[in-house]
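Here are my comments on the model, set out as numbered points for you to check against the coordinates. They deal with backbone geometry at a few places and with the packing of one helix.

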Amino acid sequence: MSSPLLEVRDLVVHFYTREGVVKALDGVMLSVGRGEIVSLVGETGSGKTVTALSIMRLLDHNARILRGEILFEGRDLLQLSEEEMRRIRGREISMIFQEPKSALNPILTVGFQLQEALEAHGEEGEKALQRVLSMLKKVGLPDPERLVNRYPHELSGGMAQRVMIAMALLMRPKLLIADEPTSALDVTVQAQILELIQELVRELGTSVLFITHDLGVAAEISDRIAVMYAGTVVEQGSVYDIFEEPLHPYTRGLLAAIPRPGRDLVAIEGEVPSLLNPPSGCRFHPRCPAAMEACKRVKPKLIEVEPGRLVACHLYEVGGNGP
Amino acid sequence: MSVEVARRLSTLSTPLVARLVLSSPTGLTGAVIVAGLLILALIGPALAPYDPYRQDMSERLMPPSWEHPFGTDQLGRDILSRVLYGCRISLSIAFLVVAISATIGLLLGLISGYFGGLVDEALMRVTDLFFAFPRLILAMAVAAALGPSIVNTMLAIATVSWPVYARLVRACVLQVRSETYIEAARAIGAGHARILFKHVLPMVVHVVLVQATLDLGSVILLAAGLSFIGLGAPPPTPEWGLMVSEGRLYIRSQWWVSTFPGLAIMISALGFNMLGDALRDAFDVRLRR
Amino acid sequence: MDLRAYVLRRLALTTLVLFGVLIVTFLLSHVIPADPIGAILGPQAPPELVEKLRHEWGLDKPLHEQFVDYVCRALRGDLGRSIRTNRPVLQDLLEFFPATLELATASLILGVLVGVSLGTISALRRGSWIDHVARVFVTLGVSTPVFWLGLIMLMVFYYRLGWLPGPGRLDPYMTPPPRITGLILLDSLLAGRLDAFYSALRHLAMPATVLGWYAAAGIARITRSSVLEVMRREHVRTARAKGLLERLVVLRHILRNALMPIVTVIGTTYGGLLEGAVLTETIFAWPGLGRYSTGAFLYLDFMAVMGTTLFIAVIYSLVNLAVDLVYAYLDPRVRYG
C-alpha cells in the first residue's frame, strides 16, 4: 500500500483563553490516502475544525501546538517555516469553509479574489484570467465573464460555495480540506455541491478531508470515515465498516441516534464535556455504557484491529474484554 | 441582538460590572481619578487655603511656594484655591449637562425608534441638522445668544449634546424592536409604555451609560473651551478654562497661571475617558461572549 | 442603484440639511438679545436714527419676510456687513478661510499618517508594548484641552527652547508672497519664494502638531478597533488559506476593509479641527477663520456671527458629503442599499 498523502500523528493542541486552558486536541491520529475522500465526523466542539486549521497552520494566536507531527507527502508541516507553509497553502493543500459568503471579501470582486489564488503562486495576467473562467465553467456557474465582475453579496449561497470550490481547486492541490461546506446551504443545494465535489476530485485526483457533523452526508461522499469525540479520533474505517460494524461505543451511539420512522428516539446519555476540564482517561467514559475501571484512568490508544480498521477503546485491546 | 445577548445582559449586575471595570488598569486609574474629583468637588472649597476671589496686588504673579503651592495669578489670587473651587464648578456643569442631555436624548430616541413613522423621520432630520455643525461652533452661537454665565454655558452644551444620545438610543431600539420577545409581549396584550420601560429600556441603558461617562469628559473640555474664548463663565469665576485664558498673557515667564488649571482640565477629562473606556470594554466582553 | 444615483441622493440630502442650517442660523441671530443697532450707535442714540437704521436693515419687517430676504441674499453670496471690519462678511470669510484651511489640512495629514499607522500597528501587534504605548497616547490625546496644549508648546518650544518660531504665519520681517490662493505654502512655491516656504512651514509646525495630536488620537483609536474587528473576519482566513503573502493579506483584506469607519471618523475629525482652530488660532496669532469668528461672537457682530456659522456649517457638510462618497466608492454594498 502506497504511503498516505497526509498523516496526522498524535496532535495535541491547547488554546490559552481568559477562562483557562482549553485542551482542544488530545492526540489526534488521522490519515488520508491519495485520491481518497475521508470524512472527519463529530459533534460541534469535537475538534474537527481545529484539526483542519492545524494542518493548514491557520490557528489563532492563542493556540499552541504542543506535540505531534503532520506529515504531508512525508514532510512534517509543523517543522516548516512560515514562508514554506505559505507556498503549500492554496497550491498543495486548499481549504473551503462553511459560510461561503462570509468567507469572501465583500468589497472585492469575485474575479479579483479568484485571480489572487493564482497570483499568490506566481501565475498572473491573461493566462490566469483564462484559467479562472474555465474553472468557473467547470464548477457549473453560468456566464463566467459577467460573474467575475460581481461582488460576493450578489451571489446566492450555492453560487458562492461553487466560487469557493473553484478558488480552492485552481492550483490543482493534492489535498482539499472541506470544513462543513454544505451545512449552511439549503438541502437541494447541498446535494448539488456534494455531487460537484465528488465529480471534480475524481477528475483531478484530489484527496479530500471532508469535515461534517452529518453522518448521512459522510456516508454519501466518503471512502473512509474517521469519528472524532472531544479532541480525539476514536474510530476509523471504511464507510461500510463504520456503518455496518461500528466498534467504538460512541460510534454506536451516534448511529443509534439517527432518527428512524417507527422507532423511539435514542440519545446518548450525558453531555459533551467541557474541554477546560476534560474527563480523565478516556474522555468518553462518563457517557459510555461499557465503561470499565481502566477507562477512567488510562486514555486508550488508537490501535489497528484489522488492516485499515482503527479504534481507540480499551474493549478492543489485546487482553481486553472484546465487544 | 439575540435572546442570548439579552440573557447575558440580564446577568450583568452592578457589582459584576464594577469588578470588571476595576480589574483593568485603565478602569482602576479612571475610577480613582473620578473618585478623587468627586471628593474634591464636595469638600474642595473647605480645603482651600484662601478665598478664591480675594485679590492681593502685592502678591501678584508669585511662583509656586509653600504659601501658594500653585502660585498666584495676575490679581494676586491663590491659584490652588481657585483650582479647587473650579473643580466643583466643572463637575457640576458636566453632571448637569450630561444628565439633561442624556435624559432628553434617551426619551426622544426611545419614542422615535419604537414608534417609527413620521416622528422618527422628524427626529432624524432634526438630529441631522444638529450634526451639520461642529459641536463647539453651535455651542458658541447659543452661548453668544444667551450671554456669558455658567447656566448659559450649561444650556448651550446641553443643546448640542442631546442628539448623540437620541441617535444612539434609536439605533439600539431599532435592533431590539424586531426581537421576537417584543412581539410576544404585544401578543399577550402588554401596552406600549410597559413594553418600552420593561423590555426595551434595559437593553438600551448600558449604551447610554457608556456614552454618558465618556461625555462627562467631553463636556468638561467643551465648557473649558467656551470659557477660554470668553463665551462661558464670566470673570471672576474660578472656572478652569477661564483661568487658562487669563494666564495667557503671562505664559512667557509666569507659566503657572495657565498650567495648573489646564492640568486640572486634562486630568478630569482623562479620568472620565478612562472610566468610560473601561466601562465599554466591560460590557463588550460580557456581551460578545 | 449605481454610484450616480447614490451621489444624487446624498446631494439632495445635503441641500436639505443646508436649508435647515439657514433656518437655524437665522433663528439664532434673532434670538441674540443684544440690540445690534444699539451696539453701534450707543445708548445715547436718538430714537429716529435707531428707527432709520432698523428700517434700513429690514429689522422691522415680519420674521418670515426677513427670512426670505436672508435666504435670497445668502444665495447671492451677500452675507451682510461686519460691524467690526466694515467689509462684506463674505469677503472677510474668504480672506481668512485659507489660513484655517492650510492649518486644518496640515493637521489632518499629520493626524491621518500618525493615527492610521499607530492604530494599525497597535492592532496587528495586539498586547505588545507598542499597543500599550499607543493606547496611552490615544487616551491622553482625546483628554488634552487643545488650547492649553498650544500654550504649553508655545511656552516650551518657543519661549524657553527657541526651537520653533513664535506666533504668526511668517517671520514678522518677511514680505509675504503674492496672494493667489491664500495658502502661503502653495503661494510661496508658485512664486518661487523658497525662503517664504521654509518660514511658513516652520510656523505651521507647532499649531499643526497641536491640532494633529488631537486628530491622530481619535483616528488611531478608530483604526485600532476597526482593524481588530476586521482581523477576526472569515475572509481574512480565506485569504491566508490561499497562500497569499501576509503583506497582501494585511493590505488588501484587512486594511482596505477596515478603512470605512476610519474614513467616517476623518469627516468628524475635520469638524474637530475646525473647533480646534477656533480655540488655538488666537494663541498662535493665526489670521484664520477661528480668530475671526471668536471676535465676531465675543462682540456680537451680528452679521459676522450668522455668516461664519453658516460658512462653517457649509464647509463641514461638504466634507461629510465627500466622506459619504468615498465610503460608497470603497464599499459596493452601500450603493445597493
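1. Helices, as the term is used here, are DSSP runs of H or I with at least four residues, numbered from the N terminus. On that basis, B:P236 of this predicted model belongs to the loop that joins α9 (192–229) to α10 (240–246) in chain B. The peptide bond leading from B:P235 into B:P236 is cis, with an omega near 5 degrees. Most peptide bonds are trans.

2. Two positions in chain A deserve a look for their phi angles, given that most residues other than glycine have a negative phi. A:D143, in the loop between α5 (125–138) and α6 (144–147) of chain A, has a positive phi near 55 degrees. A:D143 has 10 other C-beta atoms within 10 Å and is therefore exposed, since the cut-off for that class is 12 or fewer.

3. The second position is A:R172, whose phi is also positive, near 50 degrees, and which sits in the loop running between α7 (157–169) and β7 (175–179) of chain A. Is A:R172 buried or exposed? A:R172 counts as exposed, because 11 C-beta neighbours lie inside 10 Å.

4. Turning to packing, helix α11 of chain A, spanning residues 249–257, has as its buried residues A:P249, A:Y250, A:T251 and A:L254. The elements of chain A that cover these buried residues include the helices α9 (215–221) and α10 (239–244), together with the strands β9 (224–229) and β10 (232–238).

Note on methods. Residues are numbered from 1 along each chain as its sequence is written. Chains are lettered from A and ligands numbered from 1 in the order in which they are written. This is a predicted model: local features need pLDDT of at least 70, side-chain atom pairs count only at pLDDT 80 or more; totals for chains, interfaces and linings use all residues. A residue is buried if 20 or more other C-beta atoms lie within 10 Å of its own, exposed if 12 or fewer, and partly exposed in between; C-beta atoms are placed from the backbone. Helices (H or I, at least four residues) and strands (E, at least two) are DSSP runs, numbered from the N terminus. Two residues are in contact if their C-beta atoms, placed from the backbone, lie within 7 Å.
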